[in-house]
Structures are given as C-alpha cells and as structure tokens.
Amino acid sequence: MTIGWCFDNTYSKLPDPFKEEIGPVPVKDPKLIILNKDLSKELNLDFSNLDDKKISELFSGNSLPQGSNSIAQAYAGHQFGHFTMLGDGRAVLIGEHLSKKNDRYDIQFKGSGKTAFSRNGDGRAALGPMLREYIISEAMHNLGIPTTRSLAVVKTGEDVIRETALHGAILTRVALSHIRVGTFQYIAAREKKDELEILLDYVIKRHYPNIQNSKNKSLDLLKAVMERQIDLVVDWMRVGFIHGVMNTDNMSISGETIDYGPCAFMDTYDPKTVFSSIDQMGRYAYCNQPVITKWNLSRFAECLIPLIDKDQKKSITIATEIINSFEKKYEEKWLNMMRDKLGLFGVDEKDKYLILDLLTWMHQEKMDYTNTFCHLMNFEIANKENFKKDDFENWKKRWQERLKVNNNTPEKYLKLMRSVNPLVIPRNHKVEEVLNEANNGNIEPFNNFLEVLNKPYLEKKDIINYQIPLSSNEKYQTFCGT
Ligand code: AMP
Ligand code: MG
C-alpha cells in the first residue's frame, strides 16, 4: 500500500520572482509527536504502513515524498502598519496535493530551516508554538470556521534558541493555498503589470473560478475576497477569537484563518481585549478586527489599481466605492450572526438594541462570553448569581418577547442557538496547561483536550473543567513564538 500522495504543483511553475526553489534543511533526530488521522483520511493519505521512524523522516522533511517540489514563497506585508518585504523565512511549500475529489491542498512545512527570506531569523520553530497552532487551528475547523489545518508535528531533536533553549519542531500545515494579501503587495511593488496579471489569473483559477470569464476580473476578485473576509471575521467575532497579528501577510486570499501566533479566545467579554504582548496599542484587539479587515482589504485594492481600469483615477474611484461598502455589509452579516446566537428568526429593527444591550451588560458585569450564551441555552456553568440580577432579568423578558415572533418555538430557537454557540472553546489556561505537559514529554493531556474540542457544539460528559474560565485576575499574555 502506498501513502497516496498525488502532487500537482502549479505555484512552483510561476515565474522566478514568485519564489525560491529550496528544500527543507535536514534535522538531527526527528520524532513524531502527533499525526492527524482524520485529516489524513480527508486528504486520502494513508500512513498506516509506515513505522514512526519513517513518518518522522517524512514530516521533518528529511526525506521528501516523490512528486514534491519544494519552494519558499515570496511575499510582502504591512506589519503593524509598516510595509516590509517578507517571504517564507522558516517554511517551505513542498507541493500541492490533490485529494480523490480533486480538491487542491498546499502542503507546507513550518520551521523547516533558513531560506532566502529568513532575514535575521534562524528558520526554525519551537515545539510549544507549533502545537499551539495545531490545537487552535483544529479547534477552529471543528467550530466550522475556515482555517488552515495541521497534519503533523515532529520534534527535530535540535534546540532552538529564544529567550531560553527550546525543543525545535516542524508543523505540517495544510491550506487551500498560502497566497496572501502580502503576495499581491510583493508583486505589485515590482511594478510589472504582466506579473500582476499572472498572479490575478492564477488566484482566480484556483480560488474563484466562477469569475474566470467576468468582464472585470480584478474588480470581481476584490468583491469576492471582501465577501469571504467579512464572513471570516464575523465567524471570529461569533466565537470570541482574537487573531492577534492581522498583518496583511497573515490574511489569506482564499479566506481561511492563517498563521496562529499570539492568537487566543476571549473569556471575559471586553471588546478591547488584546492578548498579544507585542500589540501595545491594541491595533488587533477583538473589536478592531473588522476595522483591520477593511484596512487590509484597502491594501489589497491598492495592488489591483493597475488592473481595474487604464485610467488610474477611475480605478481608484471604483475601488474606493467597493471598499466603502464594507461597513454596511459587515454590519448586516454581524447582526444576522448575533440573531442566530440569540435564536431569533426574521428581522426586527430593534434587534440591534437587544443585542447591544446584552453585550453592554456582559461587559459591565465582566461575564464570560461563551458561557453567557451557554446560560441562554440552559447550560449553567459559572457565575450563576449574576443572571438573577434585575437588569439581566429585564433584558431576558425583552428577549423572550422577541423569541415569540415568526412562529418560533423553543425547539427551533434552541436548535439554531446550539448550532452557533460552542459549549467549549480552547481556553487559554487549558491551552497553556497541555502545552506545558507536552513540552515535558507528556502528550496525553494535549490529546485529551483535542478530543474535547472535537465536537464543540455537542453536549458531552465530564467537560466542565474545560468550560470554567480561570478565576484569577492575572492578565493572560501570548507571545509571537518566533
Ligand atoms: P509571522 O509573524 O509568523 O507571520 O512571521 C512574519 C515573517 O517573519 C514571515 O516572513 C516569517 O517567515 C518570518 N519569520 C518568523 N519567524 C522566523 C524565524 N525563526 N526565522 C526566519 N524567519 C522567520
Ligand atoms: Mg505570517
């Protein structure tokens, strides 16, 4: 039995400036830490005939599968508002794999060694951050949110030096593609229209084939990417996910969540929540995520200006008009998402106030975001006393009146609510706990947590420990992990 790799590499055939041909740098003593069996199945890959040693050799890049063609991708990006030339500084794309359904997936090794784009970095990654990406990306997938996936993590047997010496590791990331807003920025900065056209056509063919024959492809691409990005950020807001570093190089053109660095889930509801230690100004705070999505889309639109119309002024006017439609579109989708969270059918003008009044109350009372919606679905987890207060009772009466509209029934609204409000999320202190154990050689708690996060909308026994927020007031901080 073979593994089932079916490589069909197209990005590596693009012109030279798009990439550097380079393989992963071999590592000393690779050891498999985790392999994603469900994802392997989805990809029609079967590793069951390989022993751990062979699997470790494979996922460390020490032995590349036949048909792969390894490259580092060039891209640029606005990092915290500043434009920089970047590129895969510690990752290689080993190829594009086709599943039996003919779906195309990038297979990328992250932490695979230096490339032409490494700048001052060592090209490596540490075990903690790679396992963090693994667990949070899989949690996002199970929450039904578009995301890159994680196929495997291996330890390299080498130390990486950060503030201290850490275990080195490589993550195998699977994505619809790794093309970012930053990829367009990189090519646009070269000011060669033919290259920009190549990228445009490539992206449309790969991700938006329905606009292949449209009259103005660049314009339609801008609209389509905007739709997907709005849907994505609305999903993040729904579950309280804070990406943490929404630089333009971390915004995927395919609309998947990408690059899990200092990301975290909000516990206590506070729109200004920031976890990342490097985000001093709160640029990427919870409530700022839609604003930044629009900002990033504006940078994307700028790249497309030469393609929209021959007349630059006209191009700018048209692109601006599209970008300016962001707020209205976002608000509509956000309101609908919040209506679902509250089990409301149909549209009532006053819904907005009902929603905002609940959020304001949650903010004032420092309520847990996830668990408040659990309470509304009759799952009691913590902070029960606050739900007995008059202001909440009054709000609840208004909500219950609204619930009666449009032939709604408890059965119907609970079904709707249960489909969008998770019962369990990767809580920060639990993530830290299992990563600590894994760092010390015990992967079992990590695996148990993955299992709990597997079906986040379904009632499960014995998960209360994973649902209770940390009571300590100590501020949780995440680090970039590079
Ligand atoms: P990130 O913050 O992970 O999105 O990374 C931003 C940029 O820094 C990307 O171009 C990465 O490839 C690069 N980078 C991050 N860590 C390293 C590292 N250890 N060595 C080389 N490049 C890195
Ligand atoms: Mg990145």
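Trainee: By class, which residues make up the shell around ligand 1?
Mentor: This is a predicted model, in which local features need pLDDT of at least 70, side-chain atom pairs count only at pLDDT 80 or more, and totals for chains, interfaces and linings use all residues. Residues are numbered from 1 along each chain, chains are lettered from A and ligands numbered from 1 as written, and side-chain values use heavy atoms, without hydrogens and water. Ala, Val, Leu, Ile, Met, Phe, Trp, Tyr, Cys and Pro count as nonpolar, Asp, Glu, Lys and Arg as charged, the others, Gly among them, as polar. The shell has 2 nonpolar, 8 polar and 8 charged residues.

Trainee: Which domains supply the shell around ligand 1?
Mentor: The bounds come from an automatic or database domain assignment. At least three shell residues come from each of domain 1 (11-178) and domain 2 (182-333).

Trainee: How far is the side chain of Asp-122 from a nitrogen atom of ligand 1?
Mentor: Take polar contacts with the ligand as pairs of N or O atoms within 3.5 Å. Gly-123 offers a backbone N or O atom at 2.9 Å from a ligand nitrogen. For an N or O atom in the Asp-122 side chain, the distance to a ligand nitrogen is 3.0 Å.

Trainee: Which residues coordinate the magnesium ion (ligand 2)?
Mentor: Donors are N, O and S atoms within 2.8 Å of the metal (3.2 Å for Na, K and Ca); water is not among the atoms, so sites may look incomplete. At 1.8 to 2.2 Å, the ion is coordinated by Asn-250 (OD1) and Asp-259 (OD).

Technical notes: Polar contact = N/O pair within 3.5 Å; in protein donor to acceptor, adjacent residues only side chain to side chain.
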